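Hi,

Here is the structure I promised to pass on. Have a look at it first, and my notes follow underneath.

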Amino acid sequence: MFETIEEFVAVSELNEVEISALREITADKELMAKAAELESHCFDTPVEKWDGIKIDRIEGGDHSRIRYAAAFLAARRVPGFFAAYGFPEAVMCETMTDMKVWLRNEMKHRGICGLNIRALEWQVELYRGAVTRHGRLECNSEHIYNREVLKDAAGNVLLLPGDQVINLHIPEDGPMLIDDCLRSMRRMVKFFAEYRPEIDWKGFLCESWLLDTQLRAMLPENSNIIKFQDLGPRYRVCETGDSVFRIFGTPDTDPDSIKNPTSLQRKAAEFIRNGGKFVEEGMFIPKSILD
């Protein structure tokens, strides 16, 4: 499975532009040699150990295309990783659709059919089964809460360091309708009950730039992001450059250089000009939210 371009593009739900680009890259022997070397480096090494290997972190051009090809070459490994966990083929195939999200992000912001370095890091996590997709949301196959004791407004303890949680991720490929998010979390509950029953998870956890309370002033009152922020108590994590990357396309974008900016981009640019700093926040969502 995934040995051929046809198999790869079918499960990844790629469009004609992405398919054509992949065929062009795979026909270039020099690029494919570099892609093969990158694949052996990255997909054999967990992301947390990447500091110990030499990885090209230059963005754009052939660098992006080589990462795309490396991800294609590595796809043949995916069935083995998922089989080792005992995860079903349906979950594997749904998880593979994440590829198109990052390809379209790179095309939108750089005009290149390829992957940036963040995308490559994320594909390693997905390919290895460390992260799986279940409808609108993705989650870690296992995750330990490692921050300070988390309490609600009344002082009741919600999470202790070392507690197991279902850690959520939000792919950038559509609106965050609350019903879709809740449906996704219900699917995760069934998934963990069947395939990870040994995990005594306490609830759902999400740490994201989307949870930054400061975004509320930049978004309409009926925003799906605001509705998602209201699902549980939040806590500050750290300042982050991820917001600029997500809102404007690349971490080094000059906000004032954006042509035809969206309402969010205009307000975010003003926020930055006024010295504002985006932060990442975390949120605990109790199991009871699904009752």
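R136 touches I170, P171, D173, G174, P175, M176, D180, C181 and S184, leaving out residues up to four places away in sequence; a contact here means heavy atoms within 4.5 Å. Before you read too much into that list: this is a predicted model, where local features need pLDDT of at least 70, side-chain atom pairs count only at pLDDT 80 or more, and totals for chains, interfaces and linings use all residues. Residues are numbered from 1 along each chain as its sequence is written, and side-chain values use heavy atoms, with hydrogens and water left out.

Back to R136. You'll find R136 in the loop between β1 (131-134) and β2 (137-140). (Helices are DSSP runs of H or I with at least four residues, strands are DSSP runs of E with at least two, and both are numbered from the N terminus.) R136 counts as buried because its relative accessibility is 9%; the cut-offs are under 20% relative accessible area for buried, over 50% for exposed and partly exposed in between, with a 1.4 Å probe and protein chains only. What does the side chain of R136 have a polar atom close to, at 2.7 Å? That would be the backbone oxygen of G174. The backbone oxygen of P175 lies 3.0 Å from a polar atom of the R136 side chain. For reference, a polar contact is a pair of N or O atoms within 3.5 Å; within protein, one must be able to donate a hydrogen and the other to accept it, and residues adjacent in sequence count only if both atoms are side-chain atoms. One of the residues touched by R136 is C181: the two are 45 residues apart in sequence, with 5.8 Å from C-alpha to C-alpha.

H134 is in strand β1. With a relative accessible area of 2%, H134 is buried. Apart from neighbours within four places in sequence, H134 is in contact with V91, E94, C139, S184, R187, M188 and F191. S184 is thus on the contact lists of H134 and R136.

Next, the N-terminal end. Helix α1 covers residues 5-12, with S12 in it. The buried residues of α1 are I5, F8, V9, V11 and S12. That pattern is worth viewing with the usual helix geometry in mind: an α-helix has 3.6 residues a turn, so residues three or four places apart point the same way. The cover over the buried residues of α1 includes α2 (16-26), α4 (61-74), α6 (89-96), α7 (98-110) and α8 (117-127). S12 itself has a relative accessible area of 0%, so it is buried, and its contacts beyond four places in sequence are M96, T97, M99 and K100.

Right after α1 comes E13, in the loop between α1 and α2. E13 has a positive phi of about 60° although it is not a glycine. Is E13 buried or partly exposed? Partly exposed, because its relative accessible area is 43%.

Two residues in α8 also caught my eye. I117 lies in that helix and is buried at 9% relative accessibility. Setting aside neighbours within four places, I117 is in contact with W50, I55, D56, R57, E59 and R67. I117 and D56 are 61 residues apart in sequence and 8.4 Å apart in space, C-alpha to C-alpha. W122 is in α8 as well, and it touches D98, W102, V131, E138 and H169, not counting residues up to four places away.

Finally, the whole chain. It has 12 helices and eight strands. The radius of gyration is 20 Å, close to the 19 Å that the globule rule gives for 291 residues, so the chain is as compact as a globular protein of that length; the radius is taken over C-alpha atoms, and the rule is 2.2 Å times the number of residues to the power 0.38. The C-alpha trace spans about 65 × 50 × 35 Å along its principal axes. Buried residues make up 49% of the 291. Of the contacts with a separation of 6 or more, 72% are between residues 24 or more positions apart.

Cheers
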